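Please open the model in your viewer and keep the sequence panel visible beside it. The tour below proceeds by selections, each followed by a short account of what is there.

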Amino acid sequence: MMARFPQSDTTGESGVKFKASFREKISEELTEFIILTAYLYVCFAAVIYFKTAILQAQGVAYAPLSLAIIKAAICAKFMLVGRLFHMGERFKNRPLIIPTLHRSFVFLLLLAVLTLIEEIVVGAIHRRTVMDSISGIAGGTLHQFVATILLMFLILVPYFAFRSLGDIVGDKILVRLFFERRRSA
């Protein structure tokens, strides 16, 4: 999808507006990326910490918390790219639960496919076979894979519920409702 630029030269008033709106758009996208990365990091870190606690109780050392921020940033970028292509934008006129669950499922599939591709590329860089690369996804067992998929879906649902509600009332109003102090009646 290509952006359409104004036909007038950028030195006039429309050029100033265009530059300002371009900066605003970049700022909004960066802010969205940071917020989404932070949200995913908190969720991923909590899951990894829980896994670490269980494994340490069994005498197994495991603490890759630093990987949570990298994975959060990668997943956030994947999600923003998916949003750029308007993925999961069906059912907008239905009750909020429908677009929320639909978006969560669509983006779960997107993240699964892109994670698979990412693991294959990283494996190729490290000269591993495709099967070796994908065997370690989500811990390597079927139970861990299913648990990871379910957890990821549960992480996406609140995010897309917030986004779906923001589509209706407006993002600024939604943020104000959640983060500003209410006046007493």
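The stops that follow go from the whole chain to single residues and then to the surface.

**The whole chain**

Begin with the entire protein chain, bearing in mind that this is a predicted model. Colour the chain by secondary structure: it has 6 helices and 0 strands. Read from the N terminus, the order of elements is α-α-α-α-α-α.

Next, display the surface of the chain. Its accessible area comes to about 13500 Å², and 68% of this belongs to carbon and sulfur atoms. Of the 185 residues, 25% count as buried.

How much of the contact between residues with a separation of 6 or more comes from residues 24 or more positions apart? Such pairs account for 63% of those contacts. One of the later stops shows a pair of this kind in detail.

**Helix α1 and a salt bridge within it**

Select residues 13–57, which form helix α1. Within this helix, show the side chains of Lys25 and Glu29, which meet in a salt bridge with an N to O distance of 3.4 Å. The two residues are 4 places apart in helix α1, about one turn. An α-helix has 3.6 residues a turn, so residues three or four places apart point the same way.

Are these two side chains buried, exposed or partly exposed? Lys25 has a relative accessible area of 45% and is partly exposed. Glu29, at 27%, is partly exposed as well.

**Glu32 and its surroundings**

Stay in helix α1 and select Glu32. Its relative accessibility is 15%, and it counts as buried because the limit for buried is under 20%.

Now show the residues around Glu32. Leaving out those up to four places away in sequence, Glu32 touches Leu80, Arg83, Tyr159 and Arg163. With Arg83, the contact is polar and joins side chain to side chain at 3.2 Å.

**Arg163 in helix α5**

Select Arg163, which is found in helix α5. What joins the side chain of Arg163 to that of Glu32? The two side chains meet in a salt bridge, 3.6 Å from N to O. Arg163 belongs to helix α5 (residues 142–169) and Glu32 to helix α1, so this pair ties together parts of the chain that are 131 residues apart in sequence. Both partners are buried, and the relative accessible area of Arg163 is 15%.

Apart from neighbours within four places in sequence, Arg163 is in contact with Glu32, Arg83, Arg103 and Asp171. Add Asp171 and Arg83 to the selection to see a wider arrangement: Glu32, Arg83, Arg163 and Asp171 are linked in a network of salt bridges. The structure holds 8 salt bridges.

**Leu154, also in helix α5**

Select Leu154, another residue of helix α5. Leu154 is exposed, with a relative accessible area of 56%. Use the distance tool between the C-alpha atoms of Leu154 and Leu101: they are separated by 10.0 Å, while the two residues are 53 apart along the chain.

**Helix α3**

Select residues 97–125, which make up helix α3. This helix has 29 residues and reaches 41 Å from its first C-alpha to its last, close to the expected 42 Å. After α3, look for Arg127, where phi is positive, near 60°.

**The nonpolar patch**

Return to the surface and select Leu96, Phe162, Leu165, Ile168, Val169, Ile173, Val175, Leu177, Phe178 and Phe179, which together make a nonpolar surface patch of about 900 Å². Which helices each supply at least two residues of this patch? They are α5 and α6, the latter spanning 171–179. The largest share, 5 residues, comes from α6.

Among the patch residues, pick out Val175, which is in helix α6. Val175 is partly exposed, at 40% relative accessible area.

**A last salt bridge**

Finally, select Arg176 and Glu180. These residues form a salt bridge in which the closest N and O atoms are 3.9 Å apart. Arg176 is partly exposed at 46% relative accessibility, and Glu180 is partly exposed at 47%.

Technical notes: Residues numbered from 1 in each chain as written. Predicted model: local features only at pLDDT ≥ 70, side-chain atom pairs only at ≥ 80, totals over all residues. Heavy atoms only, no water. Buried < 20%, exposed > 50% of the residue type's maximum accessible area, 1.4 Å probe, protein only. Polar contact = N/O pair within 3.5 Å; in protein donor to acceptor, adjacent residues only side chain to side chain. Contact = heavy atoms within 4.5 Å. Areas by Shrake-Rupley, 256 points an atom, 1.4 Å probe, with all protein chains shown as cover. Salt bridge = Lys/Arg side-chain N within 4 Å of Asp/Glu carboxyl O. Patch = residues over 30% accessible without salt bridge, like charges linked within 9 Å, V, L, I, M, F, W, Y side chains within 5 Å. Expected span 1.5 Å × (residues − 1).
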